[in-house]
Amino acid sequence: MHPWERDARMARKALDGRPQAYGLLIELACTKSSYELLGARKAYQSLYVRSKAIKLGITNNRHGDKKKLFKDEEIVRILATKSKPYLKAVFKGYKETFNKNIEEDLDETSLKETIYCLYAPPMCFSKILDSAMKANTNEDEKEALTRVIVTRANVDIKNIAEEYNKQYGTPLTKKIEDVALGNYKDFLVTLVQRAG
């Protein structure tokens with residue numbers, strides 16, 4: 001499957017799923033280049049006939065009720081339309097001006113996660129991987145282990161593995177070996193080691 005099609009299918013799954021799956025949308029939006037996002041958008045439109053279901057800020061939950069995802073349209077507009085280098089400069093300027101990180105002033109969890117993922121992807125992915133490898137995780141979180149390692153293998157898995165070791169005091173490959181089994185374990189460990 002082409003990476004654009006894979007991203008489009010993952011986005012569709014997240015949009016059709018539970019609110020816990022919104023993290024996947026944040027992850028896709030924050031870690032893909034503008035070119036990759038455009039490709040995923042084209043693939044999505046091709047696969048799902050230009051669905052009108054995607055509207056930033058409003059979606060239907062499983063019961064058909066409207067749920068406001070983002071309250072501050074200006075923040076969403078800036079996050080959605082500006083480049084990552086520009087946003088990093090904005091975040092840095094915010095910290096210099098107000099002596100705190102921008103996410104400290106936000107109430108909306110999704111916006112905090114978005115900014116966190118944009119500003120420090122290895123830290124964000126380390127947190128996602130750690131959650132995915134805990135014993136009491138749900139299926140969405142368990143899928144994140146494969147998703148993050150496969151999609152980041154040729155991008156920044158080395159940095160993610162280093163950050164994981166720094167945050168949790170154990171090598172990522174060791175943790176994978178402790179929680180995964182058989183060929184699946186070998187596959188994930190090989191992807192992480194290949195990048196190192």
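Residues count as buried under 20% relative accessible area, as exposed over 50%, and as partly exposed in between. The legends below use these words for a predicted model.

**Figure 1. The predicted chain and its order of helices and strands.** The model is a prediction, and its chain contains eleven helices and two strands. From the start of the sequence to its end, these elements follow the pattern α-α-α-β-β-α-α-α-α-α-α-α-α. Of the 196 residues in the chain, 36% are buried. Among contacts with a separation of 6 or more, 59% join residues that lie 24 or more positions apart.

**Figure 2. Confidence along the chain.** The mean pLDDT of the chain is 80, with 83% of the residues at 70 or more. Confidence is highest in helix 10 (residues 172-179), where the mean is 97, and lowest in strand 1 (residues 58-60), where the mean is 29. Residues 51-70 have pLDDT below 50, and in the model this stretch makes 29 contacts beyond near neighbours in sequence. Where pLDDT is low, the predicted coordinates should not be read in detail.

**Figure 3. The aromatic pair of Phe91 and Tyr119.** Three aromatic pairs occur in the structure, and this view is centred on the pair formed by Phe91 and Tyr119. The two ring centres are 5.9 Å apart and the planes meet at 70°; because planes over 60 degrees apart count as edge-to-face, the pair is given that name. Phe91 belongs to helix 5 (residues 84-98) and Tyr119 to helix 6 (residues 109-119), so the pair ties together parts that are 28 residues apart in sequence. Phe91 is buried, because its relative accessibility is 6%. Tyr119 has a relative accessibility of 43% and is therefore partly exposed.

**Figure 4. The tilted pair of Tyr164 and Tyr168.** The rings of Tyr164 and Tyr168 form an aromatic pair with 4.8 Å from centre to centre and 40° between the planes, an arrangement classed as tilted. Both residues lie in helix 9 (residues 157-168); because they are four residues apart there, about one helical turn separates them. Tyr164, at 1% relative accessibility, counts as buried. Tyr168 has a relative accessible area of 33% and so counts as partly exposed.

**Figure 5. The cavity beside Phe91 and Tyr119.** Searching the whole structure yields one cavity of 30 Å³ or more. The volume of the largest cavity is about 40 Å³. Its lining consists of Phe91, Asn101, Ile102, Glu103 and Tyr119. By type, these lining residues comprise three nonpolar, one polar and one charged. Phe91 and Tyr119, both in the lining, are also the partners of the edge-to-face pair in Figure 3.

**Figure 6. Arg147 in helix 8.** Arg147 is located in helix 8 (residues 139-152). With a relative accessible area of 14%, Arg147 is buried. Apart from residues up to four places away in sequence, Arg147 touches Met10, Leu24, Glu27, Ile128 and Asp140.

**Figure 7. Thr151 and its partners from elsewhere in the sequence.** Thr151 also lies in helix 8, and its relative accessible area of 11% makes it buried. Setting aside neighbours within four places in sequence, Thr151 is in contact with Arg6, Met10 and Lys32. Met10 thus appears in this view and also among the residues touched by Arg147. Between the C-alpha atoms of Thr151 and Asp7 the distance is 9.3 Å, although 144 residues separate the two in sequence.

**Figure 8. Thr81 in helix 4 and Val90 in helix 5.** Thr81 is part of helix 4 (residues 73-81). Its relative accessible area is 52%; since exposed means over 50%, Thr81 is exposed. From C-alpha to C-alpha, Thr81 and Ser34 are 9.8 Å apart, with their positions 47 residues apart in sequence. Val90 is placed in helix 5, the helix that also contains Phe91. A relative accessible area of 33% makes Val90 partly exposed. Val90 and Ile78 are twelve residues apart along the chain, and their C-alpha atoms are 10.0 Å apart.

Definitions and conventions:
Residues are numbered from 1 along each chain as its sequence is written. This is a predicted model: local features need pLDDT of at least 70, side-chain atom pairs count only at pLDDT 80 or more; totals for chains, interfaces and linings use all residues. Side-chain values use heavy atoms; hydrogens and water are left out. On a 1 Å grid over the protein atoms alone, a cavity is a set of points where a 1.4 Å probe fits but cannot get out, and a pocket is an open set with protein on both sides within 12 Å along at least five of seven lines; lining residues have an atom within 4 Å of a point. Grid points are joined across faces, edges and corners, and a volume is the space filled by probe spheres set on the points. Ala, Val, Leu, Ile, Met, Phe, Trp, Tyr, Cys and Pro count as nonpolar, Asp, Glu, Lys and Arg as charged, and the others, Gly among them, as polar. pLDDT is the predictor's confidence in each residue, from 0 to 100. Contact means heavy atoms within 4.5 Å. Rings of Phe, Tyr and Trp (its six-membered ring) pair if their centres lie within 6.5 Å; planes under 30 degrees apart count as stacked, over 60 as edge-to-face and the rest as tilted. Buried means under 20% relative accessible area, exposed over 50%, partly exposed in between (1.4 Å probe, protein chains only).
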